[in-house]
Each structure stands twice: as structure tokens, then as C-alpha cells.
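User: I am new to this structure and would like to learn how to read its features one at a time. Could you take me through them?

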Amino acid sequence: MKTKFLTLCSLFVAFATMTAQETEQKPTFVGEATLVSVTPSLQSRMNELTPGFAKGEAQDGRSNPKKPKREVVPGKGVQPDYFSQNQHPLTGKIPGKAATAVWDAGYTGSNPTDPALAVGPDHVFVVWNTAFAIFDKDGGELLGDTDPFPAIFPSDGCCDLTVSYDNAADRWVISFLGNGVQMAISQTGNPLTTDWNIYNIPTVNDYNKVSVWSDGYYLTDQSNGNRLYAMDRAAMLAGNPTASIQGFVLPGIATFGFASPQALNVTDGNMPAAGNAPIVFFQDDAYAGVTVDHIKFWNANVDFANPGNSTISTPQEIEVTPFTSIFDGGSFANLTQPNPGGGTLDALQGIIMNQAQFRKFPTYNSAVFNHVIDTDPTAGKRAAVRWYEFRQAADGAPWTLYQEGTYESPDNKHAWNASLMMDGAGNIGMGYTGMSIAGQGTTNVSSYYTGRFASDPLNTMTISEEPIVIGDGVIVGSRYGDYSKIDIDPTDDATFYFTNEIHTVDTPNNQRAANVGRFKIAPDFDNDIGVVNIDTPEDGALTATEDVTVTIFNFGINDATGFPVTFQVDGGATITETFAGTIASSTSAQYTFTATADLSTEGQTYSITAATALVGDEGPNNDSFTKDVTHLFLNDVGVTELVSPVSASGLSNAEEVTITVTNFGSATQSNFPVNYTLNGGTSIIETFTGSLAQGESQDYTFTATVDLSGLGDYTIDACTGLPGDSVQPNDCLGEQTVSNFLCQPGADCTLGDGLRLVSIAEINNATGCETDGYGDFSTLVANLAQEGTYDITLTTGYGDQFVNVWVDFNDDFTFTNDELILSGFEIANGQATGTYTETTQVTIPAGAPLGMHRMRVKTNWNAPVPADACEETTFGETEDYTANVTDELGINDVFYDAQLIVTSADNENFNLEFNTTSYTNNLPVTVYNTLGQKLAYYVLENEGSGYKKTIDMSYVASGVYFFQVGDRELNKTVRVIVK
């Protein structure tokens, strides 16, 4: 069912204008969670349960077709990410440990999978959108996906299963979106043998996330009303017939459409004082009404006995390093998969990812959580994880920002859908999704982890990216993940379990998998040290006496002191010295060798290996580190990127050429020649006047522009011409292809939106929902005379369809307002699903150019069609046809008897005969392709009884073409097919 959001604009204004100065608020909902049933244990009902089957598409809130986009201000709040550009040298340098157990918990056709898990003393409980399974700590299945579904809950529902382990109570808490939210609370700590108390919470709508706090179970809802619900934990643990539930609106939250705050979840059993339950959400300065990027913290204080005493506080606002969290204006399709057959995946924006975690330490409390950001919002698109640690001095005290960072997956990959938490020592483990950026790699959606030790440099994920499982299949469709979840083994408070959505070709029926991986950050060995980085030397103008400085990390439990450390250059003599200091467990220290390295040969790359040689080291695989260092040439620059133009629709005849120039040498360079060529033609030479230091890159825009107005592919090469350049092979970028193409905007027409019939003149095209909401019917031609008025009949399968029709009269492959022949026409106002046909009229302007032009018919649901005919909309369809504009005097042989015959001959030649006795003027013949490009032009003379021409089409690609014959008095078109 399509939900309408037309009334939400006023709500958004109210939300956007709220400020932290507003007073704390009372609950806006007070009710009771009712104990609807007690479900006997799973073990006692094994004879009733059967193996589960593949579940279909899950219709949770994020798949609701009519979710509005987030309200953002175009161009506002967009900036490069500071942390991405200023990574600490130890980022990703400390070797991680391979996952010690990896398994697929279940397979599903749900789109997305919504995986989550919880870990107890003896069990790993894994849920996904439509089912669950229970395992031992090594991945041994104790209970698989079963039917009837869901096996614990008394009735069917939608989706969004979540699971938590309440460590302090030794209970399991499961939530399920069905008739509101159903919550199952186990009566004991064994999920197989326990009975379950089932409570119904009817007011929750979508995307429920449950967190455990000392006095309550706190649930966030992404709806525009009550975004927070608090349930009486003590009553639910006791199995009381009713438990108080109270709902709150979050004061001052700036958001619109889909958004998910989170209540902090207590990671372990060390509960804070009752009350002051923290709820968090981020605020992007791209949102209307937000002036600076920040985090909001609200405190919920709930009196379950007397709701009149309950309050939600005004938010504490904490400014953070600027970020860009908006992808594609807030849509749900953002990250293009690198391999064919996959959809463009949801980056999961507007969400504090599952789960926000709280942990008490002896002198402070810590909160960690994350959300997705775009670190390349101006030049491209790269998803990364912005993560935070906030601290408070005591329970209920204000929060302060302790550290924050941006994690980018290496090797040009996106990173998103993350979940992180701390172990008992304060080390952070973070699981996430990684995938190659399209065009920069081939890695499918995969599951990884990284992390940091508690004593590592702040703001830094120091542990190298470690794969949990590499996906070997693509995700079909845009829906992905929705969330993942990490949890920790309560028996050692050190071993992490992470579940995530992947896709492999080995899964049954090519389904998605809820995959689980187990890993550990904390030390495993008593004695284990290694070199994790060679800090100096670095590339440059090197000498014969270069210092060698290394960073050594203690991976072991015991302190390390007085051990040998070595280095060698290009496999030569080993230099051995002694590190005399002490390195505590899980900390690092630098050491500079007394001996130096001879790196004096210009242009040579040296391989330096440094290592520790601790006697009794139990983990020798991480002892050494190797780094290549180059003695740079003095003079060496080159072009490394063509920034613009880029392939697009509607390129102009005056496109700027911008290149990136990089200084590979050690000397600062300025005032040197740069040049470019178009399609191998004349070289355009100008002067780069900036100052370019060693290793620096700068963009240069040429004064001379290029004409790319015709559809097709162009090649551009650009070079530097620095006098005395020592490495000329890297001067030129090499030919780069730039395409001017016709845009094919997508939209969703699967629910009936869009066009089911277009009928005008000779065109009478009945269709279904075209793939991705675009149909190319340009082989269908409507002959339309200047100043002619024509009926156009349109059929759609859903109401409230707005329609625009353009004709590209100037053949520049863009559709402008002055080319509209129908604007803002609405079909079936106020209607929903059904078949609706309406007829209106269009008129061809008096001065419209003669000949064939592309005609675009575009619809949009519930709002006028965008002025930009290339803009993608959520619901609707775009179809392209051909309009053959004729002089009204010559149309349909009004004054001339004429017969146009085209027959095929050998070698893709076509014999054209135009037989007429009434027409004697020279006859123009034009050959077009389906894009409207003119490929050839001929002028034929009358041979007495007509005109003849053999047209060679052997040089064109296979496809459909048009021969247009005529002038102002006569105009005919015939279609031919080249095989």
C-alpha cells in the first residue's frame, strides 16, 4: 500500500525549528505493554517445528515505497572530510588476527536481511528479517530456522527482528514488528529450554531498535511521532500481566522522513544508576534549521509508577568535526556495486547504526556509536564510517567528546553498515561492510572488521582491515543490510561476534546470507611484540646517512623490555640494536636506530625491513614490517587525472578541461607547460603558474574549452612539459574517454506508476513497466506538422500521475522548458491503484525545425514532473519516442502522389526509390540513428520518373536507422534495420 506524506511538510517545519532552549517534555503516550501469552520452550516443541523455508521480500518500513526523502538544503553542508585527509600514520598498521569462526546463520530472500545477534554465556542467538537460529560459541547449530514462523511469537507479522542479551538479568530480549511490536522476554538464560513471556506494544510503527538500560527496555521508532518508548524492565522480567510503557517525542530533533536515533545499550552487566537513559542522534548542517554538525544527547527519566513525573530532557548539543552524511539527496539507492547484475545499494543514511553502546569504567562512562558519511562529496562518492567515543564523569553527568574518527576501507572501497563496541579493557572492535567503488575494483559486498587498542593514538582505527568473509555474488536490488550488529562474549568480555549481510553464489537459490564472524582484539599471548611501522625515512631527496625510526607494538599480555630490534636495506647486512625501554601491554613506542641507512642513489627505490627479535615471542608472524622508500628525482611532474569533463548527458560546445598535476620529484616546481589534445588533434598548450611542492597535486583548468556537444565518445590526453623532467613516461595521463550520452532517468513503476499506453498520431504504444522505469521507443515515429494540434492519449496504472512531454527541437540532447509541448498534465487526481486513461492535446510550434527529433514523455507520482527531464524520481516512468516535424502543406502527400520504397541489398546496402511524377525539385535525403544524430546527407536529382540512391550502411553498428526524404513541401520517413 502506498502511504501518502503530503501532510508532513508542516510537521517538518515544526521539527526543524525546535531548539535546545525548549523545555523538557512529558511523555506523549502512556499505556501498558500487555502480556498476551507465554510460549513454551523451543526444546519442548521440537516435534511441532519444521525446518524453515526461504522467506520472501520483507515489507518493513524502509521498503515502504512512499517514504519521503530527507529534507536537505542542496549544496549546504558539503565539505571534504578532515579525518580522511589527515589520517594518523598508524591507521590500519597494526596487524589484526584472523577471524576464528565464520559461518552463515541463515539464508533468506528478504530484501534486506536485517541481521542482528546477541551472545550469552553459552549461546549465539542470530536473527534476521524473517527468522532466527541459535548456535553454540563455535557456530554449531543448536536450532535452525524453523516454521511455524516466528517460532517464539504467537502470530505472524512483518520483520525487523532484534535480539539482545540482558547481561545483568541473564535474560534474552527479542523484538518483532508485528501488530505494533511484540517483545519476547525469556524466563531463564538458556534460550532453548526457557519459556518466553510475550508482550504486545501496539503503538510502534517501524524500524524498532531495543536497548537494555538499568530501569527499562528502551525502544526507538523511526516514525515522525513518538521516536522513543520506555518499557518497565522490572515488570517484564517478573512476567507481570502488564508493564508500563511511555512514549516520547525527542525535543529539538532536526529530521524529516526516515531517521533512526538510538538509546544507549549497556554492553555488559555493570548497570548505571536508574534513570538518565541517554538517546543519541546526529545533526548534519545540511538539514534545514541546523547550522553546525553536532551530536544530540537526550536523557529519559521515566517514573513507571507515576508517568506524571516522567520527562525527556532538552538535548545536550556537542559540536563535532564537520561531515557530509547526505547521499543523493536522501534517496535509498546510493552505492553502485562494482560487478554487473547488482543494484545500487542503500548507504543507510540518517541512522545511528545498530547499536549505540554504553560501558562503565572505574573513573568514567563511555558511549560509542557510528553513522555513515561521504568523504568524497564533491568529486565523487565514497562511503565511510564516522565513529565516536563520548565520555561522562559519572552516571547522568553531561557528555564530552573524547575521540572521533573517520574510517575508510583501504584499496578504494566503500565502508558502511558498521557496528562497534568496547571490550572490558577499552579496546574497540568494529565490524562493517566493504565493497569496491565502481570502476576502482571488483570486490563484492563483504564483511570486515577493524579496531583499536585503548592506548592507541586518539581518533584512529589502528588495526588493519581484516576480512571476515568476502562475498562472491552481487546484491540484487537497492535494499541492503538495514543494520548489522556486534556483541561480546560475556564469559571473557573480550571476544567479539559480528553479523552482517552478504551474498554468495553458494547460498540456496542464490539468496542472501546472515553471516557471523568471531574475532578478538585483546592479546592472546604472554609475550608477543613486533614492528608495525617504519616512520622514517620517507620518499624525498635522500642522503647516505638517513635515520631509521620504527614503531614497535606490544601484542602480548606481559610488558616487553630490553629486546633486540633490527633493520636491513634491500636484503643487505642486518643492523641489530637493543630497545632498552619498556613497552606495556597493548601499547606502542618509537625507536630510532643509531646506525643510518645509505639511500643516496637518485631514482632508486629501496626496500627496508625492520623487525623485533624477542626471545620467547609466541607470535612471530607479526614481528617484521617492510617499507619501500624512493630517492626521488629532482625534477619530475606529470598529469594524474582528468577532472573534467566527465561523461554525462547534454555536454556543451564549450566544456572546460581540468586536469590534476602531481609533483613526483623533490624540487618545488612552477611555471611549466601543460597541454591537452582532443581526439588526437592539435595540442593546446598553456602554462601552469602555481607552485607545486614535493608530492603535492593541484588542479589546473585550461582557458581553451572543447566542443563535446555531439552524442558519442571523445578522447582527451593531457601532458606536462617540464624542461629537464627526469621521468618522461609519467608526463602524460594517456587517452581518457569522455562520452556525451542521452540520459535515461530511472524510477519505480512496479506499483502501477508510469505509462501503460502512449498514443499520438501514428504511435499507439501499449507497454508494461519498463526496466528501471525507462523505455526507449525512439524507433516509433509520430509525424507532426508545424502548428498542428494533436490528441495524445495516456494510460497509467496508478493515480496522481503528472505528465510532461518535450520535443528536442534543437537536437542538443537536452530537454528545456521552451521545448515542452505538454506540462503539468495530471491523470487521475486523488486515485490509487487502477487503470486510468485520459486524452489531452499538444500543439507543435509554428517555427519548430523540420525533421526528426527525440520526444520524451515523463511521469511523476503525486508531484509535478521535475523541470530537468534527466532527474530521477522515486515513482513514475520515462519513455522516449521520435517526432518527425513536417511542414503542414506537405504532410501525408496532400499535394503530391509519391511512393517511397527501400529494399535491402548485399553488404548492408539499401536501395532507395522515390517514385513520383508530380515532384521535380532536388530531393534531400537524411540518415538518422535512433538518438536523432544525422549520419549522412544526400541531395538527389529527379531521373524523370523519380529518384534513386544506393545508401551504404555497412559502416554503422547493428540497429535501427531512419531514412528521411523531403523538404518543406514533402516529408516522408522509413525505418531500416542494419544486421
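User: Where along the chain is Asn459 placed, and is Asn459 buried or exposed, or something in between?

Analyst: In this predicted model, Asn459 sits in the loop that joins strand E31 (446-452) to strand E32 (466-469). Burial is read from relative accessible area, where under 20% means buried and over 50% means exposed; Asn459, at 29%, therefore counts as partly exposed. Its backbone also deserves a look, since Asn459 has a positive phi of about 70° although it is not a glycine.

User: What is the phi of Asp800, and where is Asp800 placed?

Analyst: Asp800 is a residue other than glycine with a positive phi, near 55°, and its place is the loop between strand E54 (789-798) and strand E55 (801-807). With a relative accessibility of 7%, Asp800 counts as buried, because the cut-off for that class is under 20%.

User: Which peptide bond leading into Pro112 is cis, and which one leading into Pro537?

Analyst: The omega angle is the value to read here. The bond from Asn111 to Pro112 is cis, with omega near 10°, and Pro112 lies in the loop between strand E3 (101-108) and strand E4 (116-119). The bond from Thr536 to Pro537 is cis as well, with omega near 10°, and Pro537 is found in the loop between E36 and E37.

User: Which residues form the negative surface patch?

Analyst: A patch of this kind joins like charges that lie within 9 Å, taken from residues with over 30% relative accessible area and no salt bridge. Here the negative patch is formed by Glu538, Asp539, Asp570 and Asp628. Glu538 belongs to the loop between strand E36 (529-536) and strand E37 (549-554), and with a relative accessible area of 53% Glu538 is exposed.

User: How far is Gly308 from Lys26 in space, and how many residues apart are they along the chain?

Analyst: Distance in space and distance along the chain have to be read separately: the C-alpha atoms of Gly308 and Lys26 are separated by 7.3 Å, while the two residues are 282 residues apart along the chain. Gly308 is in the loop between strand E20 (294-301) and strand E21 (311-312), and is partly exposed at 46% relative accessible area.

User: What does the secondary structure of the protein chain come to, and what is its radius of gyration?

Analyst: The protein chain has three helices and 66 strands. Its radius of gyration is 33 Å, which agrees with the value near 30 Å that a compact globule of 979 residues would have. The C-alpha trace spans about 105 × 80 × 55 Å along its principal axes, and 58% of the 979 residues count as buried.

Key: Residues numbered from 1 in each chain as written. Predicted model: local features only at pLDDT ≥ 70, side-chain atom pairs only at ≥ 80, totals over all residues. Heavy atoms only, no water. Patch = residues over 30% accessible without salt bridge, like charges linked within 9 Å, V, L, I, M, F, W, Y side chains within 5 Å. Areas by Shrake-Rupley, 256 points an atom, 1.4 Å probe, with all protein chains shown as cover. Salt bridge = Lys/Arg side-chain N within 4 Å of Asp/Glu carboxyl O. Lys, Arg positive; Asp, Glu negative; His and termini not counted. Charge placed at Lys NZ, Arg CZ, Asp CG, Glu CD. Helix = DSSP H or I, 4+ residues; strand = E, 2+ residues; numbered from the N terminus. Buried < 20%, exposed > 50% of the residue type's maximum accessible area, 1.4 Å probe, protein only. Rg over C-alpha atoms; globule rule 2.2 N^0.38 Å.
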